[in-house]
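Welcome! Let us take a friendly walk through a protein model together with the DNA beside it. Have a look at the picture first, and then read on.

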2 protein chains.
Amino acid sequence: MPDQISELTTNRLSLYLRYLNELYGKGVRTVSSKVLAEQLGVHAALIRRDLSNFGELGVRGVGYVVEDLRRELRSILGLDRKLGVAIIGAGNLGLALADYPGFRREGFRIVALFDNLQTKVGSVSRGGVAIHDIRDLEEIARREAITIAVIAVPEASAREVVQTVVEAGITAVLNFSPGALRVPPHVKLKSVDLTVSLESLSFYLAREAGRSQNGD
Amino acid sequence: MPDQISELTTNRLSLYLRYLNELYGKGVRTVSSKVLAEQLGVHAALIRRDLSNFGELGVRGVGYVVEDLRRELRSILGLDRKLGVAIIGAGNLGLALADYPGFRREGFRIVALFDNLQTKVGSVSRGGVAIHDIRDLEEIARREAITIAVIAVPEASAREVVQTVVEAGITAVLNFSPGALRVPPHVKLKSVDLTVSLESLSFYLAREAGRSQNGD
DNA sequence: TTTTGTGAAACGCTTCACAGCT
DNA sequence: AGCTGTGAAGCGTTTCACAAAA
């Protein structure tokens, strides 16, 4: 078992698990890397390579036993225990993320929202997640065993918030705020930059436009 | 100028532009790849390589002229014209995205939300973006020159919605729904999978946990 | 001297192709 | 025969290191 697994691989593991859940629900017993590959739009050898990082999970001549591989992946991804999640920032995005069904489905426990605006503190999201004062983060994080923070605050407060999160002892951060954040080495930071995603698409459109009209 | 630019590069171009905007606001005249690199946490040579794809944008011995590079990047990313964006799905996430300030800032025009639920059609988001019937997408897309669709619908309807979007003549799609989507080759699809992002973090936590407690 | 632009080396990820197991 | 697991090849991205320019 190699000691460093790339993020590209872990992302795909999550995709494999999602499809295995679907197969499991349908009562399918085994699945080959070929079938998995066709469904997910990746190469079969890549799936075998990804899975082989964690042992010999398949059966030669047969494929992968759906129930076993599903259990294995859940364990590899750490989804067999319920992880506590805090959402920082009770703006539009934070509230939407707090109620996002995809987070609850695979064993995450959305414990609370946090904000610094006193007018928001004390109320709840539509789905019933309570909004607390950001100053209570550390206490609640310890009490509720929160290990993941999702940051959805404006760019201006992002740095300060990350600091608060790290000081509260949280070691995994999913960041939706724009801008580069720095965290200590023991903290894992993953950023989803919505503006970057959209501008990247814009680049594609700009290129296509230039490509179709050739010197007229 | 190479004819294929990787998505890794275009994502970084967007980050460079964001920081250049900041420098421009502060009145800074020039910046070196070294300074840029330190701020953004990437290697200086990578920045030079990225930019060199689009010509000789810098000045040897000096660095890059902030105003010029900023203008150049805006043009490269196609942000010098205002692109029309439609958000499909007026749930929590769609509504949050419609009002997301980061989208408006860099020259995108959020034209409308679309949903199939008649109870939502006719109302507006908090920020004032109107919700239309998804059946009117094609007509409105043509009239308002919408070139980008942001998909924020439940997994079950995602496939159908992509089809509708493609038929409406939209050629760039930013997808927030889980699951693999297939689009024709002339359409650019970029997916942000929130569940995958969170599960990837969970993997990191599972690994760390196993690492600290060694056989006790 | 400073800093870019870029061949060449290094690195990492994916695919090929097949031995090995069922 | 069928399908996994994997060494080796292939390919794309990043970093090194330095010539060229200001």
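In chain A, 57% of the contacts with a separation of 6 or more join residues that are 24 or more positions apart. Keep in mind that this is a predicted model, and every value here is computed from it.

**Chain A as a whole**

How many helices and strands does chain A have? The chain has nine helices and eight strands. Its C-alpha atoms fill a box of roughly 65 × 60 × 35 Å along the principal axes. Of its 216 residues, 50% are buried. Chain A is divided into two domains: domain 1 covers residues 7–76, and domain 2 covers residues 83–196. If you mark the C-alpha centre of each of these domains, the two points lie 31 Å apart.

**A closer look at helix α1 of chain A**

Now find helix α1 of chain A, which runs over residues 7–26. This helix has 20 residues, and from its first C-alpha to its last it reaches 29 Å, close to the 28 Å expected at 1.5 Å a residue. Its N-terminal end is capped by S6(A), which has a side-chain oxygen 3.2 Å from the backbone nitrogen of L8(A). Just after the helix comes G27(A), where phi is positive, at about 80°. Several residues of α1(A) are buried, including L13(A), L17(A), L20(A) and L23(A). Polar and charged names appear in the buried set too, among them T9(A), R12(A), S14(A) and R18(A).

**DNA strand D**

Let us move to the DNA. Which residues are closest to DNA strand D? They are S33(A), R49(A), Y64(A), H43(B) and R49(B), out of 22 residues that surround the strand. By class, the surface near strand D has six nonpolar, eight polar and eight charged residues. Of the atoms of strand D within 4 Å of the protein, 63% belong to sugar or phosphate, and the rest belong to bases. One base contact is made by R49(B): an N or O atom of its side chain is 2.8 Å from a base oxygen of strand D. Three elements give two or more residues to this surface, namely α3 (44–52) of chain A, and α1 (7–26) and α3 (44–52) of chain B.

**DNA strand C**

For DNA strand C, 22 residues surround the strand, and the closest are H43(A), R49(A), S33(B), R49(B) and Y64(B). Sugar and phosphate make up 63% of the strand C atoms that come within 4 Å of the protein. The residues near strand C divide into six nonpolar, eight polar and eight charged. Here α1 and α3 of chain A and α3 of chain B each supply at least two residues. R60(B) also takes part, with an N or O atom of its side chain 3.0 Å from a sugar or linking oxygen of strand C.

**Contacts with phosphate oxygens**

The table lists some contacts to look for in the picture.

| Protein atom | Phosphate oxygen of | Distance |
|---|---|---|
| G58(A), backbone N or O | DNA strand D | 2.8 Å |
| Y64(A), polar side-chain atom | DNA strand D | 2.7 Å |
| S33(B), backbone N or O | DNA strand C | 2.6 Å |
| Y64(B), polar side-chain atom | DNA strand C | 2.7 Å |

As you go through the rows, try finding Y64(A) beside strand D and then Y64(B) beside strand C.

Key: Residues numbered from 1 in each chain as written. Chains lettered and ligands numbered in written order. Predicted model: local features only at pLDDT ≥ 70, side-chain atom pairs only at ≥ 80, totals over all residues. Heavy atoms only, no water. Near = heavy atom within 4 Å. Polar contact = N/O pair within 3.5 Å; in protein donor to acceptor, adjacent residues only side chain to side chain. Helix = DSSP H or I, 4+ residues; strand = E, 2+ residues; numbered from the N terminus. Expected span 1.5 Å × (residues − 1). Buried < 20%, exposed > 50% of the residue type's maximum accessible area, 1.4 Å probe, protein only. Domains from an automatic or database assignment. Contact = heavy atoms within 4.5 Å.
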